Amino acid sequence: MHWAERTAANLAHRGSSHLVAAGITPSGEFHIGHIREILTCDMIVRGCRQAGLDTELLFIVDSMDPLRKVYSFLSPDYEKYIGRPLYQIPPPDENGIPILNSKKSYAEHFLNPFLDALKELGVELRLSWNHKEYKEGKFENASRIFLNNREEVARILTEVSGRPLEEDWWPYSPIGHDGSFDDITITGWEDPYVTWIDSNGKEGKSHIGKDEGKLPWRLDWPAKWDFHGVTCEPFGKDHAASGGSYATGRLLVEILGSKAPHPVPYEWIQLKGMGPMSSSANITVGPLEALEIVPPEILRYLIARNKPNRHIEFDTGGGLLEMADQYERLLATWNPDEPPGEDSTDRVKTAWDVDRAKISMSQTNPNSSINNFDSDAYVSFRHLSMVAQIRSDDQDVWKSLESSGLLEGQPNPTLIDRLNRMRNWINSEHFPDEYRIEISTELTAEAKTSFNEGDRKYLSTLQESLSSCEWKSAIINDHICNLARENGMDLRNAFIILYNIHLGRPHGPRLASVLAEIPRETVIHALENAINSLD
RNA sequence: GGGCCUGUAGCUUAGCCAGGUAGAGCGACGGACUUUUAAUCCGUUGGCCGGGGGUUCAAAUCCCCUCAGGCCCGCCA
C-alpha cells in the first residue's frame, strides 16, 4: 500500500471526516521543503478521499509569528521590525530594503509565489491566516484555559521538553505599545486581559480574544488543532523528536479537551550538492527555482515515490533526467487491465498497486484517469531536452516534433509549459554538462584517434557534397549515409567519426538535426580540419 | 545524556506497520535492428536484505542487543 493510502487507512479508524493541516511561517522565501510538506498533505487528502473520507487540506499561514532576526537577505533596516508580527511589516525589495508603501505585507510577499506554485502542482487547499484567527477570537478559548491552568501548562512544558521555564513565565505573549512582542513583562491575568509592563515602565493590557498578543509556539499549535479540528498533520522531523513541540502539544491539547492529530513526521529534502533547505538561512539558489525547471507532475512524482520518513536528495542535474525517464516508463508500462495474476507473490501484487498509486498521486489533476496516457504521442523529457537545445526557436521545436510524429497540429498548453521549463533548466547551472550539446570548433585529440587515412575519401566526398547541398536535416542525413555506404563503411562507425568531429564525443542526438541547425561553413570547416589532420 | 529516522544488487530503491520462495529502474555485459545514433527491442549478470541473538513450521518483515550514517531536544519543514 502506498504511504499516503496507508495514512488514510489509519485515519479511517479515527473517523469519517478529516482535516489535514500544514502550518508554515512565512519568514522568508518558500522552498522545496515547504513543497514537500504541502504535497505530503495533498497526497494524504487524496488518499482519504479515495477511501471515501470527507477530507480537506488546511494551509495555516503563521502570519502572527514575529520576525526573529534580520536574515541575511534583509537589509539592516529590518532591525526595527524584529519582534513584530510578519503580517504587519513591509516586504523587502530585491536589495532587502523594506518597501514602505507596499500594499502587500512581508508575509504575503513571500507567500504569494508559493501559492502560485501550489496551483501549478494541482494542490487544492483552504487558507487560514493565523493573525486573522487571532483577531476573530479563535484563540480566546484556548488562551483562557492555558492562562487558568498556568502551572499545569508550565509543568508539562518543563517535564516533557526538559527545559526549565522562568519563574515569571506566562502562557501568553502580548504585543507591546511599539507593536512588538519583545521586552514585555507580564504582570497579571484578569480575564479577558493579560496585563503587562514594557521596558520603559509603561503599562498595558491585551485582550486574549483579539490580535493583541499570541500564544507561544508550543501552545499556539495545540490551540490551532483544537479550534480547527485538525485530525492529521505532517511536520518536519525536528518537531517529532522527544521533548519536541509535538510531544508537548499532544498533552496540552488534552487540556483543551481535544485529541492530537495523527502525526506524519517527514524527513528533510535538499537539492543535491547544496545544504539543507531553510527559509531563514543563507541559501545561494532561489529555493523555488526548482519549480521553474521541473514539470509539476515530475515534482509530484518525486514526493509520491518517497515515503515521508525518507530523506530526499533532489538531483536537479542528470538525476532529473533519470527520474523523468522512470516516471515516463512507469506511465507507459503500467497497465490497469493487467494486474498480476492470482499466483503472483504478495510482493508483486503490492508493487503493482504501489505503482498505481504513484502514478495517480503524480497527476496534477486529481480527477484525471490514470490510464488515459497515450505514450505514442508523448514527448519524453529526454527527447525534449535535446530538441530544445538544437532548436532555439519554439516554432522550430514544434516542427521538429511534428516531423518525428510526436506532435499533431498545435502544441497544447502543457507541452508549451514543459518546453519553457526545459529551456529554464538548460539555461541554468543545474543542467548536466554531459548532456549539453556543444559544437566543436577544434578537433580534439580524442576525436583524431577515431578515424584514419582509410576514412579520408569518405570525409572529403562528404565535405564536397555538403558544401553544395540543400541545408536540410533529411538531405544532410542522406549524404552522410549514402556516402558511407559508397565508401564501404560501417554506418555506425561513420557516425562515431562524425560525432567526434562535430561534438567532440562519440555519440549524441540525431546528428543531421544538429548540423542543420548550425551554419554550413562551421560544418565544412570542421570536416576540413579533420581531413587536414591526416596529413 | 534522552529521542527520532535510515542502512536491501555497482548506483537509486520496492517490499517492512496484516511474517510465507528478494522485485524494479539505472549501470555493466551480450545480442538484434541498420537513412540507425545520449535511440529502440531482447537477453545476461549481479543481493548470506549493516552485524549478532531471540520468537516462529517460516523473519528483509516481529522482539532484544550492536555497528554505521543523518537529525532533533535553542520556534529553521
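This is a short walk through the structure, one selection at a time.

Before you click anything, note that the model is predicted, so local features are taken at pLDDT of at least 70 and side-chain atom pairs at pLDDT 80 or more, while totals for chains, interfaces and linings use all residues. Residues count from 1 along each chain as its sequence is written, chains are lettered from A and ligands numbered from 1 in the order in which they are written, and side-chain values use heavy atoms, with hydrogens and water left out.

**Stop 1: the core**

Start by selecting F59, L67, Y106, F114, L299, F314 and L401. These have the most contacts inside the largest nonpolar core, which has 80 residues. A nonpolar core here is a set of buried Ala, Val, Leu, Ile, Met, Phe, Trp, Tyr and Cys residues joined through side-chain atoms within 4.5 Å. Buried means under 20% relative accessible area, exposed means over 50%, and partly exposed is in between (1.4 Å probe, protein chains only).

Now add helix α2, residues 32–50, which gives the most to this core, with 9 residues. Helices (H or I, at least four residues) and strands (E, at least two) are DSSP runs, numbered from the N terminus. Colour domain 1 (1–277) and domain 2 (278–433) separately: both give residues to the core, so it lies between them. Those domain bounds come from an automatic or database domain assignment.

Next, zoom in on F314. Leaving out residues up to four places away in sequence, F314 touches I32, I269, Q270, L271, K272, A290, V294, L299, L302, L320 and M323; contact means heavy atoms within 4.5 Å. Then select Y458, L462, A494 and A530, which are among the 32 residues of another core that lies apart from that one.

**Stop 2: helix α11**

Select residues 296–305. How many residues of helix α11 are buried? The count is 9 of the 10, so the helix is largely enclosed by the rest of the structure. The buried ones are P296, E297, I298, L299, R300, Y301, L302, I303 and A304.

From Y301, draw a distance to N367: their C-alpha atoms are separated by 16 Å, with these positions 66 residues apart along the chain. N367 sits in the loop between α13 (346–362) and α14 (381–390), and is exposed at a relative accessible area of 68%.

**Stop 3: a small set of strands**

Show β5, β6 and β7. They make an open sheet of 3 strands in the order β5-β6-β7, with antiparallel pairing. β5 (184–190) and β7 (203–207) are at the edges with a single partner strand each, so one side of each has no neighbour in the sheet. From one strand to the next, the twist averages 30 degrees, taken from axes that are lines fitted to C-alpha atoms (for helices over the stretch in contact), with angles from 0 to 180 degrees between N-to-C directions.

β6 (residues 193–198) pairs with β7 over 5 bridges; two strands count as paired if DSSP finds at least two bridges between them. Pick W196 and you will find G204 of β7 opposite.

Look at the loop between β5 and β6, where P192 lies. A cis peptide bond joins D191 and P192, with omega about 5 degrees. Then step back to D183, in the loop between β4 (173–174) and β5. Phi of D183 is near 60 degrees, a positive value in a residue other than glycine, and D183 is exposed at 59% relative accessibility.

**Stop 4: a buried strand**

Select β9, residues 232–236. Its residues are buried, 5 of the 5, so the strand is largely enclosed by the rest of the structure. β9 runs parallel to β10 (residues 262–266), joined by 5 bridges, and G236 has Y266 as its bridge partner in β10.

**Stop 5: the rings**

Finally, show the aromatic side chains: the whole structure holds 19 aromatic pairs. Rings of Phe, Tyr and Trp (its six-membered ring) pair if their centres lie within 6.5 Å; planes under 30 degrees apart count as stacked, over 60 as edge-to-face and the rest as tilted. Y71 and F73 have ring centres 5.6 Å apart and planes at 20 degrees, so they are stacked. Y71 is buried at 6% relative accessibility, whereas F73 is partly exposed at 30%. Add Y78, Y81, Y106 and F110, and you have the cluster that ring pairs link together with Y71 and F73.

For another stacked pair, go to W217 and W221, with ring centres 5.1 Å apart and planes at 20 degrees. They are 4 residues apart in helix α7 (residues 217–228), about one helical turn. W217 is partly exposed at 32%, and W221 is buried at 3%.
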